[in-house]
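Here is a brisk report on one protein chain. Read it with the model open.

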Amino acid sequence: MIFGNVNNEFFEQQTAILPAPLKSALCFLKETDLAAHEPGRFDIELGGVPMVLQVLDLTTAPRQTLRPEIHRKNIDVQFLAAGGPEKAGYYNDDKTSVVDEDLLDTPRDILFYKDNQDAPEGTIEMVPGTYAVYFPWDVHIPAIQTGDVPAAIRKIVIKVPMDACLGAERG
């Protein structure tokens, strides 16, 4: 997993070491006003690589109500465009979690796990401009509320094909 903020003074250096498709996705997030974009799912092409853009209007929720998720074919680039704050949970997929719902062989490419109280889960705080890049081995739990009150968020997800990053040139 990688996380940062598009407004960080080291953004150019951070993206320079990434495979070109990931750099393209992160630069798109920095350069595009997605807070004003219509919600939905869109097929896009960045740097010659077909990707999926999801613009989601969500409300954060208590951690215990959310299911951990993972993807196998795509790298999930998640970005908080507006609203929040939001927490995002994560841990390494060590294959000890119990599958709750398997949709990996669908266009969604998603597997939900049942909550694993033994998982060494970390969290990051997301404010507008924050991104998190989840690889196929990164279990993640987005849209966790901070504090006692849920918050409206504009969440952007770019699905970057894992195959496009294997052997790709660096940014």
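Strand 6 and strand 11 (residues 138-144) run antiparallel and are joined by five bridges. Within this pair, Tyr-91 lies opposite Val-139 of strand 11. Keep in mind that the model is predicted.

Strand 6 (residues 86-92) also pairs with strand 9 (residues 122-126), again antiparallel and through five bridges. Here Gly-89 faces Thr-123 of strand 9. A further antiparallel pair is strand 5 (residues 74-83) with strand 10 (residues 130-134), joined by four bridges. Phe-79 has Tyr-131 of strand 10 as its bridge partner. In general, strands of a sheet pair through backbone hydrogen bonds, in parallel or antiparallel fashion.

The antiparallel pairs with their bridge counts:

| Strand pair | Bridges | Residues opposite each other |
|---|---|---|
| Strand 6 and strand 11 | five bridges | Tyr-91 and Val-139 |
| Strand 6 and strand 9 | five bridges | Gly-89 and Thr-123 |
| Strand 5 and strand 10 | four bridges | Phe-79 and Tyr-131 |

**The six-stranded sheet**

In what order do the strands of the open sheet run? The order is 1-10-5-12-3-2, with antiparallel pairing. Strand 1 (2-5) and strand 2 (40-46) form the edges; each has a single partner strand, so one side of each lacks a neighbour in the sheet. On average, neighbouring strands of this sheet are turned by 20 degrees against each other, direction ignored.

Helix 2 (residues 20-31) packs on the sheet. The helix touches strand 2, strand 3 (49-59), strand 5, strand 10 and strand 12 (152-161). Its direction makes about 155 degrees with that of strand 12.

**Cores**

The largest nonpolar core has 28 residues. Leu-22, Val-77, Ile-158 and Val-160 have the most contacts inside it. Two or more residues each come from helix 2, strand 2, strand 3, strand 5, strand 10, strand 12 and helix 3 (162-165). Helix 2 gives the most, with six residues. Which residues does Leu-22 contact, leaving aside neighbours within four places in sequence? They are Ile-75, Val-77, Val-133, Phe-135, Val-160 and Cys-165.

There is also a second, separate core, of eleven residues. Ile-70, Leu-104, Leu-111 and Ile-144 are among them. As a general tendency in soluble globular proteins, nonpolar side chains are buried together.

**A residue of strand 3**

Gln-54 sits in strand 3. Is Gln-54 buried or partly exposed? Its relative accessibility is 21%, and buried means under 20%, so Gln-54 counts as partly exposed. Not counting residues up to four places away in sequence, Gln-54 touches Gly-40, Arg-41, Lys-155, Ile-156, Val-157 and Lys-159. Thr-146 is 92 residues from Gln-54 along the chain, and their C-alpha atoms are separated by 23 Å.

**The chain as a whole**

The secondary structure comes to three helices and twelve strands. For 171 residues, a compact globule would have a radius of gyration near 16 Å; the chain has 15 Å, which agrees. Along the principal axes, the C-alpha atoms fill a box of roughly 40 × 35 × 30 Å. Buried residues make up 50% of the 171 residues. Of the contacts between residues at least 6 apart in sequence, 79% join residues at least 24 apart. The exposed area is about 8500 Å², with 53% of it supplied by carbon and sulfur atoms.

Terms used. Residues numbered from 1 in each chain as written. Predicted model: local features only at pLDDT ≥ 70, side-chain atom pairs only at ≥ 80, totals over all residues. Heavy atoms only, no water. Pairing = 2+ DSSP bridges. Axes fitted to C-alpha atoms, helices over the stretch in contact; angles between N-to-C directions. Contact = heavy atoms within 4.5 Å. Core = buried A, V, L, I, M, F, W, Y, C linked by side-chain atoms within 4.5 Å. Buried < 20%, exposed > 50% of the residue type's maximum accessible area, 1.4 Å probe, protein only. Rg over C-alpha atoms; globule rule 2.2 N^0.38 Å. Areas by Shrake-Rupley, 256 points an atom, 1.4 Å probe, with all protein chains shown as cover.
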